[in-house]
Amino acid sequence: MTEPLILGIESSCDETGVGIVRGAEMLANAVASSVEEHVRFGGVVPEVASRAHLEAMVPTLEQAYEEAGIRVQDVDAIAVTCGPGLTGALLVGIAAAKALALAHNKPLYGINHLVAHVAVDQLEHGRFTEPVAALLVSGGHTSLLMVNDITDDVRLIGETIDDAAGEAFDKVARLLGLPYPGGPHIDRIAHDGDPKAIAFPRALTGGRDMDKHRYDFSFSGLKSAVARHVQHEDRMKREISVADVAASFQDAVCDVLTKKTMAACNAEGAKTLIIGGGVAANGRLRHFVETEALRHGITVRVPRPGLCTDNGAMVAALGAELVRRGRKPSALDLPADSSMPVTQVYAA
Ligand code: KG4
Ligand code: ZN
């Protein structure tokens, strides 16, 4: 049997993505981002994102067909993110996918955005053999997953109990007067700083916290600690070193992410770790994880930046696995589910 040809649509946050894959091969990955429209608000504004999806959806679809050299009639199935994400934003992608599925009589798969972040790695590094562990770190999520079967057995091992990792980068960047999104700026500026200059807290890493939150994360206290440091230096009429603060903050985040992820891999016996989400681009995080993984005999797979951030190819990649493994399509009346649990791979 030839590999299934899948169209994937993503619209859960601020990227309108349309991807086309054949099995584990990517044919197109068209993305329109509304990030510029959110800059002056310092974060994604749901209503602005929804309107941008509406405007971008048809042109992005057309761009993807052209890139792949196919017509929508040719695809075997249509996959769309149905959660988690911003409801209004999700609805735009879902409406487009339903219309295409109905008009062209194609099976429809409403898939889980987080699981798609794991599946996308196959487009870069070829098929993986489960079990694999996954660390998803972006502006919206910080989740540690154990994947035994990417189509029907995904467990949530840990997650943030407050801010997402990328959100912490963005908020701290704002405190330091850096533009949004702040992650790449902190990453760059931290190169010139001393990561040991300020001892910022590593939350949920000791004592009783470890009983209840062994693999969970918390970044809001860290953000407050940075704010207090900045205020304190200000009161003392001392100039802060932005590079030192950035480097010390970044190490606090990456240190905890790495230690907890490695501990989970070891406890669960996972020999492969996939990292996804915008924060996967962080140089320090990759350095920490790769160094530790080497010590523990774990293979780390990080898709290239364009596949780590939200895109349609990741949705198509998971859709292709569902079709390949003979999973039944979703119903045509599938709803958006803003808080879809990661244990639900798709809307069956
Ligand atoms: O996956 P993504 O593009 O969008 C979602 O949030 O879904 O991730 C964006 C996040 C932002 O918070 C951004 O600051 C962060 O990823 N980010 C980084 C880096 N590049 C992007 N954080 C740290 N270091 C980076 N190099
Ligand atoms: Zn995402």
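Arg284 is partly exposed in this predicted model, with a relative accessible area of 27%. Arg284 forms a salt bridge with Asp251. The closest N and O atoms of the two side chains are 2.7 Å apart. Arg284 belongs to helix α11, residues 283-296, and Asp251 to helix α10, residues 242-268. The pair therefore ties together parts that are 33 residues apart in sequence. Unlike partly exposed Arg284, Asp251 is buried, with a relative accessible area of 8%.

Helix α10 also holds a salt bridge within itself. Asp255 and Lys259 both lie in this helix. They are 4 residues apart, about one turn of the helix. Their side chains meet in a salt bridge, with 3.0 Å from N to O. Asp255 has a relative accessible area of 16% and is buried, because buried means under 20%. Lys259 counts as exposed, because its relative accessibility of 54% is over 50%.

Salt bridges that share partners join nine residues, listed here, into one network: Glu3, Arg127, Glu130, Asp149, Asp152, Glu321, Arg324, Arg325 and Arg327. Side chains of opposite charge can pair when their charged atoms come close. Within the network, Asp149 and Arg325 form a salt bridge. Their closest N and O atoms are 2.9 Å apart. This pair links distant parts of the chain, 176 residues apart. Asp149 sits in strand β7, and Arg325 in the segment after α13. Asp149 is buried, at a relative accessible area of 17%. Arg325 is partly exposed, at 26%. The count of salt bridges comes to 21.

A metal site was examined next. The zinc ion (ligand 2) is coordinated by His113, His117, His141 and Asp310. Each of the three histidines contributes NE2, and Asp310 contributes OD. The donors lie at 2.1 to 2.8 Å from the zinc ion. Along the chain, the donors of this ion follow the spacing H-x3-H-x23-H-x168-D. His141 and Asp310 are 169 residues apart, and this pair links distant parts of the chain. His141 is in the loop between β6 (132-137) and β7 (142-149). Asp310 is in the loop between α12 (305-308) and α13 (312-324).

The angles among the 4 donor atoms of the zinc ion (ligand 2) run from 89 to 160°. The site is irregular, because four donors count as tetrahedral only if all angles lie between 85 and 135 degrees, and the angles do not meet the square planar rule either.

Three of the zinc ligands have accessibility values under the 20% limit for buried residues. His117 counts as buried, at 1% relative accessibility. His141 is buried at 13%. Asp310 is buried at 11%.

His117 is found in helix α4, residues 113-119. Beyond its role as a zinc donor, His117 has a polar atom in its side chain that lies 3.4 Å from the backbone oxygen of Cys308. Not counting residues up to four places away in sequence, His117 touches Leu136, His141, Gly277, Cys308, Thr309, Asp310 and Met314. This list includes His141 and Asp310, which also coordinate the zinc ion (ligand 2).

Notes:
Residues are numbered from 1 along each chain as its sequence is written. Chains are lettered from A and ligands numbered from 1 in the order in which they are written. This is a predicted model: local features need pLDDT of at least 70, side-chain atom pairs count only at pLDDT 80 or more; totals for chains, interfaces and linings use all residues. Side-chain values use heavy atoms; hydrogens and water are left out. Helices (H or I, at least four residues) and strands (E, at least two) are DSSP runs, numbered from the N terminus. Buried means under 20% relative accessible area, exposed over 50%, partly exposed in between (1.4 Å probe, protein chains only). A polar contact is a pair of N or O atoms within 3.5 Å; within protein, one must be able to donate a hydrogen and the other to accept it, and residues adjacent in sequence count only if both atoms are side-chain atoms. Contact means heavy atoms within 4.5 Å. Donors are N, O and S atoms within 2.8 Å of the metal (3.2 Å for Na, K and Ca); water is not among the atoms, so sites may look incomplete. Four donors count as tetrahedral if all angles lie between 85 and 135 degrees; four count as square planar and six as octahedral if opposite donors are over 155 degrees apart and all others between 65 and 115; anything else is irregular. A salt bridge is a side-chain nitrogen of Lys or Arg within 4 Å of a carboxyl oxygen of Asp or Glu.
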